[in-house]
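Trainee: I've got this one open in the viewer. Can we go through its cysteines and a pair of helices together?

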Amino acid sequence: MTYDPASANPLAGNPLETREDMGRALLDLFDPLLPYFSKGNARVRLDGAGAHFDRAAADLEGFARPLWGLAPLGAGNGRFEHWERFAEGLANGADPQHPEYWGTVNGRDQRMVELAALGFALALVPEKIWEPLDGHSRNNVIAYLKHARQFDYADNNWKFFRIFVDIALDRLGADFDRSLTRQYLEELEGFYIGDGWYRDGNVRRIDHYIPFAMHFYGLIYSKLVDDDYAKRYRERAVLFAKDFKNWFAADGATIPFGRSLTYRFACAGFWSALAFADLEALPWGEVKHLCLQHLRWWRDKPMTNRDGILTIGFGYPNLLMSESYNSAGSPYWAFKAFLPLAIPADHPFWTSKETAPEAVAVSPQRHPGMVMIRAGGDVVALSSGQENLQMRFGTEKYAKFAYSARYGFSVEADERNFAGGAFDSALAFSDDGLHYRVRETNAEAKIAGNVLYSKWSPFKDVSVETWLVPAAPWHIRVHRINTPRALQTSEGGFAIAKRDFDLDTLSAEAGTAHVIGESDFSGIADLGSTVTRTGLAQKALPNTNLIVAKTLVPQLRGEIPAGETVLITAVLAVNDPQAVSGVWVKRPVVPDIGALEQQVKERGVTVSAIVAPGQMP
């Protein structure tokens, strides 16, 4: 029998429409982990790949992360037959004398992250994993949690982790220094920038960590604790929902953007947390639809190995796109999507009929520096570009010109291969034909109505000004480049799936290129640049795109001289192979660069993501 990766997906065939469907999905995803629990049940080790932290911490991650879904299942009286494993594992992992001891926290440590899941479970279902423990084991658990919380947590969403430990300690009747709880609650306030948006710490970036971390933890807190912070978290979530709903396409896909995308359907965690917190930020039918439709999008993705275990990757197994902190257990943060299992079947989240939110054609969002546009069934985020030079492929994950829910984005596989680069939604420069530079960070980034502006430098002596203009289903890019020397350039459109047997259509001519796959069309066209560019239908290196393993990318390539050059580009990608004789031949109107400059001058406001932390008004 031929192995079919998609059918190994535990979500395959699940309608994912009801509470029972969601419960079954959780158990089907969890059950493949059972053979990999250690003898004492404190560790779950799934493969030999490594993260930057030690193996014991990775094994704790494999043990703890499923609790983000299992604890809500238990709280909602769902059937789960393995609570004794978690009770025993908790006792043994926190016991310094046991061979499966998780190791002592002695500074900023990955264990701090995973203890948040344990704190959440201890607060939510103490009868499952706490009450079965004897006095000695309980003392060990309390001592372990109290020891870890005395150290300094990372200056970002990690601060919530100590708060979750503190909620558990409070509910278990432990004595601890509550001033530390208050300190982190207050420090988290410093990350809020307005209109429902946070930063994930004192950094110049805003990504999926805002919904699946900052808001997620805040909403859980608001359910478990009644104070002024809880009220603020709820008010901000209502504001945020109005923007975040526009990140989702009709089929449930969300825009892949930023780091930690291996957490996959954690991207539905915000909608799930609204249900858990009983907060109707949007009509319940819309919240339910956004949550379940996103889960349904994952049903046919080959995201697991043949045993049904979630792999590192996004649409398929892919270590190339991973972060240094992704161990084999990391993807199980995806279980954050299962929070609604804690609420009863008669809750309006479950009883409401699913309704899709009204599709907004264009949604400018100042804080992440994006303009969301609908293009057929897709949603595209035009992006002013953010900075993340610390993460692997941080440039690809944050600084491209556009990100698509349908076409994702690609990471590059070889920084010494200008000729073979994917460069989807990017403009690459090379001064030697081998190495290349793309936008990594901005000197300026502004949003003016529906237009985005950025100023950036691929080399110290080269400056680029870029304007991004929506013209759905197209978008237009205008680049004004000043360089003291000649440079080679390559600009890419969107990457689409490549079929076997060379069944796709590839076309490349002067000033234009397009590719046609089984279901999709992608094209790029020059709209009147000051230099001539040649089309290229690039067969990208495999395993570079996040959603599909093999892709085609239409590109425009050419040389620019010393001095000033203006490049004007139109980009189109749609789920319609017939577009080649339809919308593709109806090119958008060329914008006037002077009018764009004036619009930014008169209406432009600085994108929040580029403002130095602490400088927001």
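What follows is a short back-and-forth on cysteines and helix packing, with the reminder that this is a predicted model.

Trainee: How many disulfides does the model have?
Mentor: A pair of cysteine sulfurs has to sit within 2.5 Å to count. Take Cys-267: its closest cysteine sulfur belongs to Cys-291 and is 12 Å away, so that is too far for a bond. Looking from Cys-291, the closest one is in Cys-267, again at 12 Å and too far. The count is therefore zero disulfides.

Trainee: Is Cys-291 buried or exposed?
Mentor: The cut-off for buried is under 20% relative accessible area. Cys-291 comes out at 0%, so by that cut-off the label is buried.

Trainee: And Cys-267, buried or exposed?
Mentor: Same cut-off, under 20%. Cys-267 has 3% relative accessibility, so this cysteine also counts as buried.

Trainee: On to helices: are α5 and α7 parallel or oblique to each other?
Mentor: α5 spans residues 110-124 and α7 spans residues 135-148, and their axes come within 11 Å. They cross at roughly 135°. Roughly antiparallel would need an angle over 145, and roughly perpendicular runs from 65 to 115. That angle fits neither class, so the two helices are oblique.

Trainee: Which residues of α7 make the contact with α5?
Mentor: The crossing itself is left-handed. On the α5 side, the contact uses Arg-111, Met-112, Leu-115 and Leu-122. Across both helices, the contact residues divide into seven nonpolar, no polar and one charged. From α7 come Val-141, Tyr-144, Leu-145 and Ala-148.

Notes
Residues numbered from 1 in each chain as written. Predicted model: local features only at pLDDT ≥ 70, side-chain atom pairs only at ≥ 80, totals over all residues. Heavy atoms only, no water. Buried < 20%, exposed > 50% of the residue type's maximum accessible area, 1.4 Å probe, protein only. Axes fitted to C-alpha atoms, helices over the stretch in contact; angles between N-to-C directions. Helix = DSSP H or I, 4+ residues; strand = E, 2+ residues; numbered from the N terminus. Parallel < 35°, antiparallel > 145°, perpendicular 65-115°, else oblique. Left-handed = near helix turned anticlockwise from the far one by under 90°. Contact = heavy atoms within 4.5 Å. Nonpolar A, V, L, I, M, F, W, Y, C, P; charged D, E, K, R; others polar.
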